[in-house]
2 protein chains.
Amino acid sequence: MLYLAAMSKKDLKHFLLKGQDTFLKHLSVDCVIFGFHDDQLKVLLVKWVEGWSIPGGFVRKDESINEAAKRVLKERTGLDRIFLKQFEAFGETGREKGKKGFDIPGTWKSWYMERFVTIGYWALVEFSKVTPRRDWLSEDCRWWDINEVPKLIFDHNRIVTAALEALRHNLIDHPVGYNLLPEKFTMPELQSLYETILGIKLDRRNFQKKMLAMDVLVRTNERRMGVSHKPPYYYRFDKKKYERAMKNGLMRSF
Amino acid sequence: MLYLAAMSKKDLKHFLLKGQDTFLKHLSVDCVIFGFHDDQLKVLLVKWVEGWSIPGGFVRKDESINEAAKRVLKERTGLDRIFLKQFEAFGETGREKGKKGFDIPGTWKSWYMERFVTIGYWALVEFSKVTPRRDWLSEDCRWWDINEVPKLIFDHNRIVTAALEALRHNLIDHPVGYNLLPEKFTMPELQSLYETILGIKLDRRNFQKKMLAMDVLVRTNERRMGVSHKPPYYYRFDKKKYERAMKNGLMRSF
């Protein structure tokens, strides 16, 4: 949400004094982008003069909040065509602790200095397939291991934590793995993906049972050779069933 | 969110021209209050001159969005001490289709006539225990059967549908029933509660297995006599385990 530090003084003044003509006051969007690769779970952070944050920005008067989230993510990080899932709005009165004013006459009462409620989105991508880039406004943009997230500005650490919870929650009744695993994968590879996201070890037999019950997997006739005396079969997702399961989630559980 | 129709012209003008001094522009909260009683699921609606809507209102500059939702619900319906759960923000550009202007000079460019993003909350109560009352601004306030919800203003039908989905979703990994059932209840009564909320029939044996696996129930030594040759036991919730399950939800599923 802070991308002001690197603006020219003239642009910054215009943004501070006139931004409310373009954007909705009091409202921002923030994106927690998780990256999975090789049993690692990471999160994409952006660095400003003020410190590290999740990528975020404002909502134009002529776009929906979902469109704003997509646009902001693309502008800040170069990431495009990513499925963003809204998970929570953050609206405590003191959430932007440490927000800084500007040494430009007349801007102390800028719309930007007022209170913002932010709407949080999360996404999960295969991070070796996407190359984030910092825009001209930020100092850095890179993946951080989920266990090594630094102190972030405002309430962004809390937002990351809530997003991780939402991502894990999503696993209960939505399949995950499409676009994250190779086209063909073994059950241990799928389990490893789940374990990485959940941050816990799972029982092999229960996991396999649960996954097969989801009815989104097809077992191929191929096995992964050379790794053990009982080589595991390769599976692939049945795309139609996968998509149906993504949509319906729920009812299967009862 | 519309509670303007019944204001005096002077109050209305002040609200339209000066409301942004008190409230955050562009932001509202809306509450979908579900009521359960005797195997019926209802939803609380409020009637204005403009039509039926869910109870909603604006966010004061000095309160959090969660506080705003509680206050608004209390003001509109008299309902207090209700656990509201945020589920989604609705921010399409055209969501307030049919919003009406005012025949008062100078108010056509009111903050109220601009676009609003609304944050949705849901709650589930035992509706025989709470008595909603309309406030002086609205024409009516009452429970509607979930299958007979009328055409609502703006996108409120969509918000109710999304809230119902969120409520059902919540059943997957959170127990429900506390404060909705008598202190002691039978497994068929609990199943009936779930069936009413989910809108589907459930398998008796699977349901019982799932519920016991949740580890929030205590079987008493009493049975419900006189109803069948195999009278069902009474159960009660273990409050500590119930609360822990409410908090932890997730991990049990894996």
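**Contacts, symmetry and a cavity in a predicted model**

B:Ile119 touches A:Ala89, A:Val117, B:Leu27, B:Ser28, B:Val29, B:Asp30, B:Ile65, B:Gln86, B:Glu88 and B:Ala89, leaving aside residues up to four places away in sequence. The model is predicted.

Reader: Which residues of chain A does B:Ile119 touch?
Author: B:Ile119 sits in strand E6 of chain B, residues 117-126. Its contacts include B:Leu27 and B:Gln86 from chain B. From chain A, B:Ile119 touches A:Ala89 and A:Val117.

Reader: Is B:Ile119 buried or exposed?
Author: Buried means under 20% relative accessible area. The relative accessible area of B:Ile119 is 0%, so this residue is buried.

Reader: What separates the C-alpha atoms of B:Ile119 and B:Ile159?
Author: Along the chain, the two residues are 40 residues apart. In space, their C-alpha atoms are separated by 9.7 Å.

Reader: How are chain A and chain B related?
Author: A rotation of 180° superposes chain A on chain B, with an RMSD of 0.0 Å. The shift along the axis is 0.0 Å. The two copies are therefore related as by a two-fold rotation axis.

Reader: What percentage of the contact residues of chain A recur in chain B?
Author: The same surface serves both copies. The share of chain A contact residues that recur in chain B is 100%.

Reader: What span should helix H2 of chain B have?
Author: Helix H2 of chain B covers residues 65-77, which is 13 residues. The rise is 1.5 Å a residue, and the end C-alpha atoms are 18 Å apart. That agrees with the expected span, 18 Å.

Reader: Which residue follows H2(B)?
Author: Among the buried residues of H2(B) are B:Ile65, B:Val72 and B:Thr77. The residue after the helix has a positive phi, near 80°. It is B:Gly78.

Reader: Which elements give two or more residues to the lining of the largest cavity?
Author: A search of the whole structure finds one cavity of 30 Å³ or more. Its volume is about 30 Å³. The lining includes A:Pro175, A:Leu190, A:Tyr194, A:Met211, A:Met214 and A:Phe237. The elements giving two or more residues are helix H4 (187-198) and helix H5 (204-214) of chain A.

Reader: Where in chain A is confidence lowest?
Author: The mean pLDDT of chain A is 89, and 94% of its residues reach 70 or more. Confidence is highest in strand E5, residues 85-90, at 97. The lowest mean, 82, belongs to helix H6, residues 239-248.

Reader: What ipTM does the model score?
Author: The pTM is 0.91. The ipTM is 0.90.

Key: Residues numbered from 1 in each chain as written. Chains lettered and ligands numbered in written order. Predicted model: local features only at pLDDT ≥ 70, side-chain atom pairs only at ≥ 80, totals over all residues. Heavy atoms only, no water. Least-squares fit on C-alpha atoms with pLDDT ≥ 70 in both. Contact = heavy atoms within 4.5 Å. Helix = DSSP H or I, 4+ residues; strand = E, 2+ residues; numbered from the N terminus. Expected span 1.5 Å × (residues − 1). Buried < 20%, exposed > 50% of the residue type's maximum accessible area, 1.4 Å probe, protein only. pLDDT = per-residue confidence, 0-100. 1 Å grid on protein atoms, 1.4 Å probe; cavity = no way out; pocket = protein on both sides within 12 Å on 5 of 7 lines; lining within 4 Å. Points joined across faces, edges and corners; volume = space filled by probe spheres on them.
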